[in-house]
Amino acid sequence: MAAKFALGSEPVVGSLAPSKKKEYRVTNRLQEGKRPLYAIVFNFIDSRYFNVFATVGGNRVTVYQCLEGGVIAVLQSYIDEDKDESFYTVSWACNIDGSPLLVAGGINGIMRIIDCGSEKIDKSFVGHGDSINEIRTQPLKSSLVVSASKDESVRLWNVQTGICILIFAGAGGHRNEVLSVDFHPSDIYRIASCGMDNTVKIWSMKEFWTYVEKSFTWTDLPSKFPTKYVQFPVFIASIHTNYVDCNRWLGDFLLSKSVDNEIVLWEPKMKEQSPGEGTVDILQKYPVPECDIWFIKFSCDFHYNAAAIGNREGKIFVWELQSSPPVLIAKLLHPQSKSPIRQTATSFDGSIILSCCEDGTIWRWDAMESS
């Protein structure tokens, strides 16, 4: 079942000498609290809010806005009723009326749907048997979200109706915690997940799409919905020899990272006749020094021109994604930024890079105008 590598096509490894293509400078540093911040994410769902971002840490979800001159304004803050909750992930979604929602999850395994209009909990989704490591929103249908859990499953939800539509688990599923999941940017049926079993799995929803459609018109209780198990991925890749804690689609290619101090860009080559099997073509490697602890996630701008990733020493590496060999656009470091960066957020146009850290700080870097 493991993907095999094609011979004679060695991956191109990027150089760690910064190209100085772009210069960034620190314009703000906020201390949000004492607890580690695990996730930070811009709202790419709604063009009115492209400069709005959310963070999670402890039992708190906070919404901010990036203003001119490096200013970060706090818009709202939500504290979970359970003081032992520790949120690990947050994603933007959309309500029926178009107002923004936040979907957060963490150690309790409960997903909180927060209505940013009313600043109240809209719904809570109970289903996962253990903590939730990542939540992502379908870019083409922003009421669909997918969650990756320690319970070895990935679940697809409809945030408007509260229905758990599909569960990706079972015979061909992950054999340990699922750490990351992502929707394909243009193929609405496809998702990729990865985790502590060292694999990346690609799943198709095509033959189960009637369930997705049914979830929008369901009038009975959400608990009575005929949730479907998807037991077999269409592709399994063993690219990494350790935990895979972040994967993102780049068109039909995939970017994935483990604790090996690099992000790998690869192409899944499927065998249509035998699902699950196929080969992998490793195309490029983007080195990230001192990135050997797990649960560090990278981020891309809206158009996937660049990827930003932090490391355990508080440094950020910004890689150009569309060039070969890979070009390091910038390396961001500051004498006071020493704490592990759990996640970055890259703004719509790539002009702002945010990071959230283990020590509860948020850093804002702005691209300088090229003279």
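**Figure 1. An open sheet of four strands, E25-E26-E27-E28, with antiparallel pairing.** This close-up, like the others here, comes from a predicted model. At the edges sit strand E25 (299-300) and strand E28 (327-332), and each of them pairs on one side only. Look between them for strand E26 (residues 306-310) and strand E27 (residues 316-320), which run antiparallel to each other and pair over 5 bridges. To find your place in that pairing, start at Ala-306: its bridge partner in E27 is Glu-320.

**Figure 2. A salt bridge between Glu-81 and Arg-112.** The structure holds 17 salt bridges, and this one has an N to O distance of 3.8 Å. Glu-81 lies in the loop between strand E7 (72-79) and strand E8 (87-94), while Arg-112 belongs to strand E10 (residues 110-115), so the pair ties together parts that are 31 residues apart in sequence. The two ends sit in contrasting surroundings: Glu-81 is exposed, at 72% relative accessible area, whereas Arg-112 is buried, at 9%.

**Figure 3. A buried salt bridge partner on each side: Arg-248 and Glu-134.** Their side chains meet with 2.9 Å from N to O. Here the link spans distant parts of the chain, with Arg-248 in strand E21 (residues 246-250) and Glu-134 in strand E12 (residues 132-137), 114 residues apart. Arg-248 has a relative accessible area of 4%, and Glu-134 comes in at 2%. Elsewhere, Asp-292, Arg-312, Glu-313 and Lys-315 are joined into one network by salt bridges that share partners.

**Figure 4. Lys-123 and its salt bridge partner, Asp-122.** The closest N and O atoms of this pair are 2.9 Å apart. Asp-122 is partly exposed, with a relative accessible area of 32%.

**Figure 5. Phe-168 and the residues around it.** This Phe-168 is part of strand E15 (residues 163-168) and counts as buried, at 1% relative accessibility. Leaving aside residues up to four places away in sequence, Phe-168 touches Glu-152, Ser-153, Val-154, Leu-156, Ile-191, Trp-203, Met-205 and Val-230. Take Leu-156 from that list: 12 residues separate Leu-156 from Phe-168 in sequence, and their C-alpha atoms are 8.2 Å apart in space.

**Figure 6. A tilted ring pair, Phe-50 and Phe-302.** A search of the whole structure turns up 18 aromatic pairs. In this one the ring centres are 6.1 Å apart and the planes meet at 40°, so the pair counts as tilted. Phe-50 is in the loop between strand E4 (39-42) and strand E5 (52-57), and Phe-302 is in the loop between E25 and E26, which puts these partners 252 residues apart. Phe-50 is partly exposed at 22% relative accessibility, and Phe-302 is partly exposed at 34%.

**Figure 7. An edge-to-face pair, Trp-218 and Phe-225.** Centre to centre, the rings are 5.2 Å apart, with 80° between their planes. Trp-218 counts as partly exposed, at 25% relative accessibility, but Phe-225 is buried, at 5%. For a cluster of rings, see Tyr-38, Tyr-88, Tyr-243, Trp-294 and Phe-295, which are linked by ring pairs.

**Figure 8. Two lysines over aromatic rings: Lys-141 and Lys-214.** The charged end of Lys-141 sits over the ring of Phe-216, 5.6 Å from the centre of that ring. Lys-214 lies over the face of Tyr-211, at 5.5 Å from the ring centre.

Conventions:
Residues numbered from 1 in each chain as written. Predicted model: local features only at pLDDT ≥ 70, side-chain atom pairs only at ≥ 80, totals over all residues. Heavy atoms only, no water. Salt bridge = Lys/Arg side-chain N within 4 Å of Asp/Glu carboxyl O. Helix = DSSP H or I, 4+ residues; strand = E, 2+ residues; numbered from the N terminus. Buried < 20%, exposed > 50% of the residue type's maximum accessible area, 1.4 Å probe, protein only. Pairing = 2+ DSSP bridges. Contact = heavy atoms within 4.5 Å. Phe/Tyr/Trp six-rings, centres within 6.5 Å; stacked < 30°, edge-to-face > 60°. Lys NZ or Arg CZ within 6 Å of the ring centre and 35° of its normal.
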